[in-house]
Structure formats: structure tokens, C-alpha cells
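Me: I have a structure to go through with you. Please tie each term you use to its criterion.

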Amino acid sequence: MLADVMGKLYHKYLRHLLTPYINSYILSSMCGGFEHRGVDFASLYINGFQDYARKHGLSWAVLFLDVSAAFESLQRFFVYGARISDAEAVGIFKACGMMPEMFEEFRQVLLDPTAFEQAGVPRVLQKLVEASHLVTWYSFSGLDTFVATRQGAKPGDPLGDIIFAFLICSILKKVHRYMSGICKYKCAVGSSATVLGELPAQEVDISSVNYVDDNAFLILGQSSNEVLQNLQCISGGILDIFGAHLLRCSLAANKTAVLLGLLGRGQRQILGDKRFFEEGREGMCLKVKCTMLGDCRVPVVKRYKHVGRHVVAHCSNNVDVQQHVVSAHTKFSSMAYSIIGNRDLPVHVRLKFSLIPVSRMLSCASVWYNLSPTSIRSLDSQYNKIYRTAYLGHKYHTRTNYTNKQFYEKHPHRNVLACIRGRRLRLLSRILAWAPEPLKALLADSHGYQKSFINELYDDLGWLWRSSSFPEELNMPDPASDPLAWNSFIINYPNTFKKRVQRAEEIECTAIEMPAASAMEGIQCHICGFFCKNVHVYSGHMHRAHGHKNPLKMRLEGSQCLGCMKDFRNRCRLFHHLSCNSPKCGQYYLNTQPLLDDETFKQQEAISAKIERTLKAQGRHAFFAELPVIRLVGPVPSRL
Amino acid sequence: MCSPPNNLLSKKNKFISDTTRHAAKARKQAAEHVRSLKRVHPGVWDVSSPLYWYISNLKQHNSYVKKCVIEDKRAWVCAQSEQIVDSDRIHNSRMVYKSMRVLERKPPQQVVCMEDEHGTLVVKPIQVRRCFQVKIAKLTNGSIVGVAQLIQIVTSVSVEVTNDDRLEVLDLVPTEPFMEALCASSAAFVASGEDGKPSELFKYYPKQMCKIIYPIIVQIMTNFREPLAWLGGVSHELLKGSLPS
């Protein structure tokens, strides 16, 4: 969307006038770019919440909420302007297609003061903003008609996100009031002296974490029953509050979801509780009752991608690490031939371009902690592969007999752990400078708890202290004994601190000593006794040495899954669905589908191989398809 | 006010050098010739055929063009890498990203110059981004109207303003130096709107542009009404351009 630059400049000025009001109005857990709060803080809130629950032995649940077409559905009269007439209110309500039962709640919201009034924005400024949004229009080049709208934030305009932030803040405040009436349990954290400085002892209200239109609602409880009851009740209420502001929530898979961390009972036992859960098309779902949608179901997930990060129920970042390694690999493969591994280009050029997949891979590294050996090994191998390609060329990086240690000696560069530590330390300086007090208190509370983020940060500080010449130059104490001295140093001299971190990173130019894979972790072939270090090697061995074929592959024909009646567009993607994504569909195939005859099997394999080759040449995964998955016409067979 | 020099818009792809362009042209002619001969003499062409020479000629053209394109690409990568950063700031990946984006998306660029009414240059010509591609367009709730209807709708509505508001708004009117600073903070290399004024002009010549924009903003703020053009925008898919020589 192209708008006049002069108009944008004027709107930028209006935004500048509105900024002080939004800064004082927003909640401490809103991280939409205001008050220097970014996605890293949103991620830390959830990390801190999980750490708090684990430390105090509490059950928890997170409701991730996705508002469909949030910016386009915003009703401007909730944010500013005069009251609308009854006829207009009825007309707008009908046009939004809401259930008639919601009208009473909608009417109540209309009677409340607007978001600008709540935030104390002066009347004149309100009118100026109103004048900028009287009637907005957009068109497409080549058309002589326009679309005139009176709702929605203007896309691509400096006022777009700030208007939305005002509305979402007023909604979240209502949600907090509603939740405080139901949830009795809150995080009680903080003390006079913590590792992050002096913080007042307080009850931290982190009922929600917000990043622009991504919302996560956090629930704590002493027992799993308490959490589930609260969750069920709150989910309905939240949907209604959003509905009363004429914002619809999408309950489709991967949009709105519930993540559970319950103590006491096993996962299977909990999900079998018919009071709360029932089996749906997307697996287990939480039963929710609300005025807006009646009886509805919210999918229960084991992981959810929130603000660019995979949040999982257990304390591990392995899923997120693996996802970033895979995406870096995709980027790396496409660039390896033409740029990074092209020996006709000078080395310094190749090294510069190798930073693209590396930073892609380490983009979330500052919030990774408690990394398992598997994650470190996977990160390190991918990282070294990229550097080897850059130094040696794409044809030669695998042919050399260098060990990692020799390679680092020959071509010194920072190792992956130093990169991660450096990023974490930069985040620490951001936390000390900009993090809101509740977040600091939440993080400081878990200090001393063995698996907490703050422990990892101060370990990194210890690494910095040991590896640099701090003691001689600045007479700094050991961070383990006096963290407060370090805090004041980081706050007062942020640039010096960053330079020291960079220097410390550059010193770490040796290969990481990885623990050897234990012999107990491997698998032994039951036919010939050959020892395989993991399941992938084992399957490869069984195929090569004993001619075993994958039982699922021997039953697959075409690209359509008969278990869930969906078309996956190619056979490779269907195989990935059956083998990795949907064990139920995989089991359905194994139980019901007959084996293909040899000729058909060979044909199908040839088709798959051709697709794989084409995709590999494009730098894609074997299970990539340009077109999305579509639902087929017909009943879904019973899989139980 | 802003006009792109016409001679800069002829090249389509900035990666391709003139040598390659000529080679590609020659290859195209050879291919067309072979095609026309094939139409006249259908059938299988073997070594003994008199037309064999044309095919081998076309193959030579093909390999030469391919070689030229690879060389051009290599030269472009080297040129881009020189612009990134020195080796001591090698870890600034943002710069690399920026360069890579240039490499991947080939953003067409052009030179604009500001002229006064007598046709003399007011500021030096500067390099700006010319366009971007719009892939997805999302329709929202709204009514589809023609130009006349749109003007009628916009003129029919207004904000209720009292005399107090007109007085109070004077406190909010920005100062001229502040507007200059705001102009200078504009982003470079972003697409301009329907008015054709690129943001680079505001960024690099804030003083001159502030003289134009400041009276307009004061008038808008005191009248509580914005121009129609500022209330919306147009989604575009513009033609690709080339780097100025």
C-alpha cells in the first residue's frame, strides 16, 4: 500500500504526540515495541512464568489467543470519538455478524469511556486523530474504484499500530479485572534485595502477555483441577470480552490453543477427563462455553509458536533449536552453491554472506537456556558446516579429513557457544535497562533455582569475567559474589560492556568439546549384531544390509491421506504427515491399508525420488509443497 | 516536481552487463533463425544435415551467454560485498542482510531531481527506490465507490470543532525545527506514494522540504481536516527499473 510521504510525516507527528499517553496507559506485560519492549521480553515473561511455576511446584496453563483479521476488524469508536447513535450501533453489530445474545455485552462496552478517554488523551488530540480517520480509502493500481471504510487501523500508516495498542490495552484491562475475580492464585515475588537490584515485594499480576495482536493468558493453580476449572471458565469469558469489542477469535488449529503444565496426574489421565476435554478433529480439545460462540472447543497442544518461538510444556528449548537449525539449513543450502561455497569469490566475501544463515540460526539464541547436549551438538555441527563451506568451498567441506579441532586451529573463528553467550549477555544489559519491574521481579525470583534463566545469565557473566581482563582493568569482583556491582557497571557503561562481550566472544576460537555419544544410547541390529548410534543409522543399515523397507511407504499411493481425508499435494509430504505429524493416521494405514504390489511400489518410489530431487535442487525439504493442504470431500473414517 | 531521467529506465536487470545483453540478443536472433528453418525443413537433424552448423552455433551462443551471466553475477556479489562493512565489523549481520536483500529482490532504483519552475535543479539528483511488488491484497469491510462518490463521502463528514479546540490546537502545532528533524528521520529507499515525492528527498533535504510541508500541516491542524490523498493509499505492482549508471 503506497500512501503519500507527506501524509505519513504528519501522522508520524501525531504518533509522537500520542506516545507519552500510550506509554503511561499500557500494561507492563504489553510488549508491542513501546517502552523498548520487544519480542524478547514477551518470550521472557512466559519463560519466567514457567520457571516460577516449576520452582513453587504449581500447575499452570497458557491460553494462546488469535484474533482473526485484528487490524481490519478494529472499531474506531471504541478508541476515540463521540458516542454512536442507537441505529448505527445496531447496524454495525449486524454487519459484524455477531450472535444476538452478544448485544447486551456490546451495549455495555459502548457505555464505557473510550480508550483515549481512559488514557487521558486531550480532547483536541483526539479530534486530530479522528480527522485522520474520518473516512479511509484504498484502491489497487489500474482500478478506477475505491474501497471506503470506517473501521480498522490504517495498514502501513504510522498511526496504525498505536491505535490498535490503545484498543487492545483497554480490552486486556477488562480481561485482567475479570480474571482477578476467578483466579485466586498470583505470582508473589520480589524482595528488598534481589540479584537484579532492589525491587519491592509485590504480587505480580501477569495474567496476560501481549505482543501487538498475539495474546497469551497465563493461569496458575495449586492443583490441576483448579487450573482446568479456571481455564475453562476464563477461556469463555475472554472470548466474550473480545466479542463484545466486535473482535472474532479464530479457533482453528495453530491459531487459538491451550498449553498445559499440570502436576499430579499423568498427561493421558488428565486428557481423559471428560469434564474438561473431548476428542475433536485436531486431537484433544478443551470444552468451552461462551455467549459469542455457544459450546466450542479449543485445541490442546504440546507446543505453540508464539512471537517467533516454539513454547513447549516442559523446560526445554530443543524444539525451537531444531526448528532454527532446519530453517538455517534451508537458507544455507540455496546459498552454498552460488555464494558461500563459491571458490571464485574471495574468502572475506564468503564469510560475510555466511553470517546470513548463522544469524538466522541464532536469531532466538538469547532466550535459549538449559540447552541439552543434543541441541548443542546439532547447533555446532550446522554452524561448523557453514563455516567450513565458507572457508573451503561447497564441494570440499565434506571431503577434507580435518577434525573440528584442526579446522579451528587452521581457520580460527568464534564457536557457537560463545555466540550464544554473547547474545544472552546483550539481553541482560537490555533487561537491566528497559525491563519493567514485574518482569525483573519474576526473573529474580527464580535465581538460585537450578534450571532458571537468570542463573544461566549470571553464569555467562562469570564466563565473561574469567575470559576477559576485567579484574586487572576495572577491578570488578566475581559476579557470583557481587552481582549488584556488575549490574551497576552494565547500566552505567553499556557500550564498554558490549565491547568487552564482543572481545570475549572473539577469544573463544576453539572447538567445543562435545561429550561422546554413550554406547548405551545406540541400537543393535537383531539380525547381524551391527551397532548403530541412533535410530536413523539403524533404519539405513536395515535397508542397505537386510533390504528392509518402511512399512508405511509400502502402503502409500498418491498424495491423499485416507485417515484424515486431506490432500497433501505430494507423496513425500504425505509420508512426513503419517510418520511424524500424525501417529494416528500412521497407525490407521498400518492397520487397514494393504501392501502395494512391487511394480506400483517402484513407480511410486520413482515419483517420490523425482520430487525429492527437484526440491533438493531448490534448497527445500523433501516434504515441501507450494500449495496448502486441502480437506477432501467425504466422511473421516473412525480411527479408534 | 520529480521526474526520472528517461535514459535510466531502459535497462531491465541491473545484474546483466551490456556485453551479456548483446550476447543474449545475438542468441535470440540465432534461435529465431533456427526456429524458422525448422519450420521450413521439419524432421530429424543429424550431423550430415546442412543445417547442423546453425544448431552448433546456437549451442555456442547458449554456453557463452550462460558464462557471461555467471561472470556478471560474480562481479555483482563482489561489488555488493565491498559496500557492506570492513572486516573489523564483520559481525554486523544487519548490513549483510540489507545487502542480501538487494541481491535477492533486485529492487529497481532510479534517480530523481528537484527542479524549480524555470527548470533549474534545486537539489542534487539522488538515488531512490522506485517500486516494490504487492503479492497479497486483503479486502476488508467497506463499500466500493467511484471517485465522485468518494469525494462526496469525505466532504460530507467532518469533526465537530469548537472555538476552544481551535485555540488549544495551536499549542500542538509543531515548530519548524522539529518538523525538519522529523523530515530528516524519514527512511530512505522506501516506495513513495501517489504524489511521487520520494522520502529520500525529505531525508536528505529536510530544510527545503520543510518549507513546503510546514504551512500545509499548520493549515490541516487548525482546520481539523486532512486532504483526501492522505486518508488512504493505493496498492501497486510497478514495473522494474535499473540502477543509474
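Me: Which residues is Leu218(A) in contact with, leaving aside its neighbours within four places in sequence?

Reply: This is a predicted model. Contact requires C-beta atoms within 7 Å. Beyond its sequence neighbours, Leu218(A) is in contact with Phe49(A), Trp60(A), Val62(A), Ile206(A), Ser207(A), Ser208(A) and Val209(A).

Me: What makes a set of residues a nonpolar core, and which members of the largest one touch the most others?

Reply: The members must be buried nonpolar residues joined through C-beta atoms within 7 Å. The largest such core has 168 residues. Ala61(A), Phe166(A), Leu218(A), Ile219(A), Val258(A) and Leu259(A) touch the most other members. Helix 8 (residues 160-182) of chain A contributes the most, with 11 residues. A second, separate core of 14 residues includes Leu556(A), Cys561(A), Leu562(A) and Leu578(A).

Me: Why is Leu484(A) called partly exposed?

Reply: Count the other C-beta atoms within 10 Å: there are 15. Buried needs 20 or more, and exposed needs 12 or fewer. The count for Leu484(A) falls in between, so the residue is partly exposed. Leu484(A) is in helix 19 (residues 483-492) of chain A. Its C-alpha is 9.4 Å from that of Glu198(A), though the two are 286 residues apart in sequence.

Me: Why are strand 6 and strand 9 of chain A placed at the edges of the sheet?

Reply: The open sheet has 7 strands in the order 6-7-1-8-11-10-9 (chain A), with mixed pairing. Strand 6 (208-211) and strand 9 (277-280) each have a single partner strand, so one side of each lacks a neighbour in the sheet. From one strand to the next, the twist averages 30°.

Me: How do you know that strand 1 and strand 7 of chain A pair?

Reply: Pairing takes at least two bridges. Strand 1 (residues 59-66) and strand 7 (residues 214-221) of chain A have 8, in the antiparallel sense. Among the bridge partners, Phe64(A) has Ala216(A) in strand 7 of chain A. Helix 2 (residues 39-55) of chain A packs on the sheet, touching strand 1, strand 6, strand 7 and strand 8 (257-261) of chain A.

Me: How do you know that strand 3 of chain A and strand 3 of chain B pair?

Reply: The same test applies: at least two bridges. Here 3 bridges join strand 3 (residues 146-149) of chain A to strand 3 (residues 143-145) of chain B, and the strands run antiparallel. Phe146(A) stands opposite Val145(B).

Me: How many residues of each chain are in contact across the two chains?

Reply: 57 residues of chain B are in contact with 49 residues of chain A. Helix 2 (residues 52-84) of chain B gives the largest share of chain B's side, 5 residues. By class, that side has 32 nonpolar, 15 polar and 10 charged residues.

Notes
Residues numbered from 1 in each chain as written. Chains lettered and ligands numbered in written order. Predicted model: local features only at pLDDT ≥ 70, side-chain atom pairs only at ≥ 80, totals over all residues. Helix = DSSP H or I, 4+ residues; strand = E, 2+ residues; numbered from the N terminus. Nonpolar A, V, L, I, M, F, W, Y, C, P; charged D, E, K, R; others polar. Axes fitted to C-alpha atoms, helices over the stretch in contact; angles between N-to-C directions.
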